[in-house]
Amino acid sequence: MSDSSLDVAHVCALAHFDLSPEEMARFQRELGPIVAYVNKLSELDLTGIEPTQYGQPVANVLREDVVEPSLDRETVLRNAPDASETEFRMPRIVE
Amino acid sequence: MASIDISSLSVASAQDALRRGDFTSVELTQSVLDTIAAKDGAIGAYLTVDADGALAGAAEADARRRAGEDRDLLGIPVAMKDIFNVKGQPCTCASRILEGYVAPFDATVVARLRAEGAIPCGRVNMDEFAMGASTEHSAFQVTRNPVAPDRVPGGSSGGSAAAVAGGLALASLGTDTGGSIRQPASFCGCVGLKPSYGRVSRYGVTAFASSLDQVGPIARDVEDAAILLQAIAGADPHDQTCLDRPVPDYRAALAGASVEGLRIGVPKEYFVEGTDPQVMALVRAAIDKAAAAGARVEEISLPHTEYAIAVYYIVATAEASANLARFDGVRYGRREVGPDGSLQSLYDLSRTHGFGPEVKRRILLGTWVLSSGYYDAYYNRALKVRTLVRRDFEAAFAKVDAILCPVAPTPAFKLDSTVNDPLQAYLCDAFTVPANLAGLCGVSIPCGRTADLGLPVGLQILCPPFAEPTLLRTARAMEGLLK
């Protein structure tokens with residue numbers, strides 16, 4: 001067990017993973033050294049440094065507001081794991 | 001019909017032969033399909049081959065030529081990494097979670113290739129969702145390095161490089177988020193070009209890390225890479241990150257290419273202990289040839305290089321955790337529901353059994369760096385260090401036109417040698433991720449083979465954003481010097 005503050009059980013819940021205890025232990029063991037490694041960024045004084053979010057500095061890119069055809073419903077639903085003729089079918093969530 | 005030997009046929013020479021009428025696109029495409037059938041069993045580059053679609057596309061290309069059309073890619077088959085949506089074809093990203101998915105549309109790069117007359121002929125293997133550097137993280141099959149079958153082809157675009165190097169494709173399209181075009185090109189002895197961020201549309205390309213991903217060619221030589229880049233570059237209303245800047249004539253930029261008077265920077269941080277001495281020697285020898293040919297070579301410093309891997313594995317995993325949230329078993333791909341039939345179990349089980357271990361590892365790391373209490377300490381901090389990495393390059397490119405350095409610290413490594421040590425595997429990306437963080441364009445070209453085992457080694461050339469003409473001219477000149 002590492003001293004990592006990354007708690008795999010908590011993060012699994014956030015990421016929607018249902019891991020076995022063995023898998024959870026393995027990820028906890030593997031991620032510890034990675035977290036320790038990325039901690040090297042704390043060496044740097046970053047006062048006054050702006051973050052870089054994108055590969056190129058662009059903002060507010062707009063296109064003409066023209067309606068274009070999009071995929072039709074039948075085509076989209078063909079990839080659905082479960083669907084009616086018009087909708088994705090999901091487990092009931094309201095009794 | 002005599003079959004055509006495609007084992008070392010370039011796109012440009014195939015096009016010359018098509019123009020002369022030496023063979024038709026149908027004959028060329030059939031030869032590619034026959035070669036795949038005969039030889040890919042030993043390499044494992046292709047996940048699926050679309051023989052019917054490819055031959056139909058070839059017949060159409062031949063008809064277009066008879067009608068008077070003439071284009072550099074007209075009638076040329078191209079292998080596609082399994083990350084691109086090609087209408088009517090599977091697009092699994094080498095992941096079980098996308099088993100059964102059939103692309104309902106063409107990615108912009110695919111539509112552009114088709115408009116130029118190129119033919120998507122099959123889908124090649126990759127690390128699952130482009131996460132990896134060996135193609136061993138594919139959920140479906142092992143791909144071997146055609147030069148050394150006990151070794152990896154590199155990754156994540158390993159299938160692309162193996163297909164081109166193994167004589168199973170004339171050229172291929174891949175993607176590069178942290179080196180996934182350049183490193184497999186280096187390992188297999190091909191040319192692999194990562195365009196500048198914003199040069200090529202990503203619409204219809206399954207997203208891994210959206211501030212880093214770029215699409216680019218893996219090809220037999222620099223001229224072919226230029227031809228493919230020409231076809232796919234340029235603004236796209238479907239991708240607002242793809243910039244509306246003019247697309248230069250890349251092939252014309254190659255004419256009379258020379259390094260004479262070119263200012264070349266050699267970053268001292270890329271020539272450090274831990275790099276294979278044979279790799280270092282081959283790259284140094286290439287730089288010496290550039291100097292002998294009249295380039296002005298100077299040592300430069302990129303002082304934040306040592307932080308790039310840490311920045312990359314925070315930024316890339318954070319973005320991946322958000323991008324891969326769309327794979328939830330609802331609209332496409334794998335669905336699995338637990339015994340209680342609940343919605344929660346549908347999300348959890350579809351994702352848990354759909355994603356492989358490397359993808360899960362990165363989603364976990366990325367989810368964590370974005371989670372409450374860690375966002376500022378990790379994600380935001382990494383974005384600030386990314387600024388420092390970018391500034392290093394800006395300062396360097398104020399003094400030099402191009403940077404020459406290694407692609408990877410080693411030649412192709414043996415199958416099964418890194419999969420059990422994720423951190424060690426991540427550290428091997430040290431020379432390629434900085435270009436993605438800074439939005440640069442870069443290329444790997446072959447610069448010789450190791451003396452002991454004859455393994456290919458790549459030379460990396462980096463140029464500022466949108467300086468592809470300089471990049472290609474430099475690569476073409478170096479290719480000539482290294483022949």
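Helices (H or I, at least four residues) and strands (E, at least two) are DSSP runs, numbered from the N terminus. The structure described here is a predicted model, in which local features need pLDDT of at least 70 and side-chain atom pairs count only at pLDDT 80 or more, while totals for chains, interfaces and linings use all residues. Residues are numbered from 1 along each chain as its sequence is written, and chains are lettered from A and ligands numbered from 1 in the order in which they are written.

**Helix α4 of chain B**

Helix α4(B), spanning residues 108-115, is followed by B:G117, whose phi is positive, near 95 degrees. The helix is mostly covered, with 6 of its 8 residues buried; a residue is buried if 20 or more other C-beta atoms lie within 10 Å of its own, exposed if 12 or fewer, and partly exposed in between, with C-beta atoms placed from the backbone. The buried residues of α4(B) are B:T108, B:V109, B:V110, B:A111, B:R112 and B:L113. Their cover includes the strands β2 (77-81), β3 (119-124), β4 (171-176) and β6 of chain B, together with helix α7 (222-232) of chain B.

**Strands β5, β6, β10 and β11 of chain B**

In strand β5(B), residues 191-194, B:V191 and B:L193 point one way whereas B:G192 and B:K194 point the other way, and all are buried. In a regular strand the side chains alternate between the two faces of the sheet. Two strands pair if DSSP finds at least two bridges between them. By that criterion β5(B) pairs with β6(B), residues 214-219, in the antiparallel sense over 2 bridges, and B:V191 stands opposite B:A219 in β6(B). Strand β5(B) is also joined by 3 bridges to β10(B), residues 441-449, again in an antiparallel arrangement. Within this second pairing, B:G192 stands opposite B:S444, and B:K194 stands opposite B:G442.

Strand β10(B) is itself mostly covered, as 8 of its 9 residues are buried. It pairs in the antiparallel sense with β11(B), residues 456-463, over 7 bridges, and B:V443 of β10(B) stands opposite B:I461 in β11(B). The two strands β10(B) and β11(B) form a hairpin with 6 residues between them, and B:G454 in the turn has a positive phi of about 70 degrees.

**The loop between β3 and α5 of chain B**

Which residue follows a cis peptide bond from B:G155, with omega of about 10 degrees? That residue is B:S156, which is found in the loop between β3 and α5 (158-165) of chain B. The loop between β3 and α5 of chain B also holds B:F129 and B:T135, each of which has a positive phi although it is not a glycine. Their values are set out below.

| Residue | Phi | C-beta neighbours inside 10 Å |
|---|---|---|
| B:F129 | about 55 degrees | 30 |
| B:T135 | about 65 degrees | 34 |

Because of these neighbour counts, B:F129 counts as buried, and B:T135 likewise counts as buried.

**Chain A and its contact with chain B**

Chain A has 3 helices and 0 strands, and, read along the sequence, it follows the pattern α-α-α. The radius of gyration of chain A is 23 Å, well over the 12 Å that the globule rule gives for 95 residues, so the chain is more spread out than a compact globule; this radius is taken over C-alpha atoms, and the globule rule is 2.2 Å times the number of residues to the power 0.38. Taken along the principal axes, the C-alpha atoms of chain A fill a box of roughly 55 × 45 × 25 Å, and 15% of the 95 residues of chain A count as buried.

Between the chains, 54 residues of chain B are in contact with 42 residues of chain A, where two residues are in contact if their C-beta atoms, placed from the backbone, lie within 7 Å. On the side of chain B that touches chain A, at least two residues each are supplied by α10 (308-323), α11 (343-354), α12 (357-369), α13 (375-397) and α14 (422-427) of chain B. The largest share of that side, 11 residues, comes from α13(B). By class, the side of chain B that touches chain A has 31 nonpolar, 13 polar and 10 charged residues; Ala, Val, Leu, Ile, Met, Phe, Trp, Tyr, Cys and Pro count as nonpolar, Asp, Glu, Lys and Arg as charged, and the others, Gly among them, as polar.
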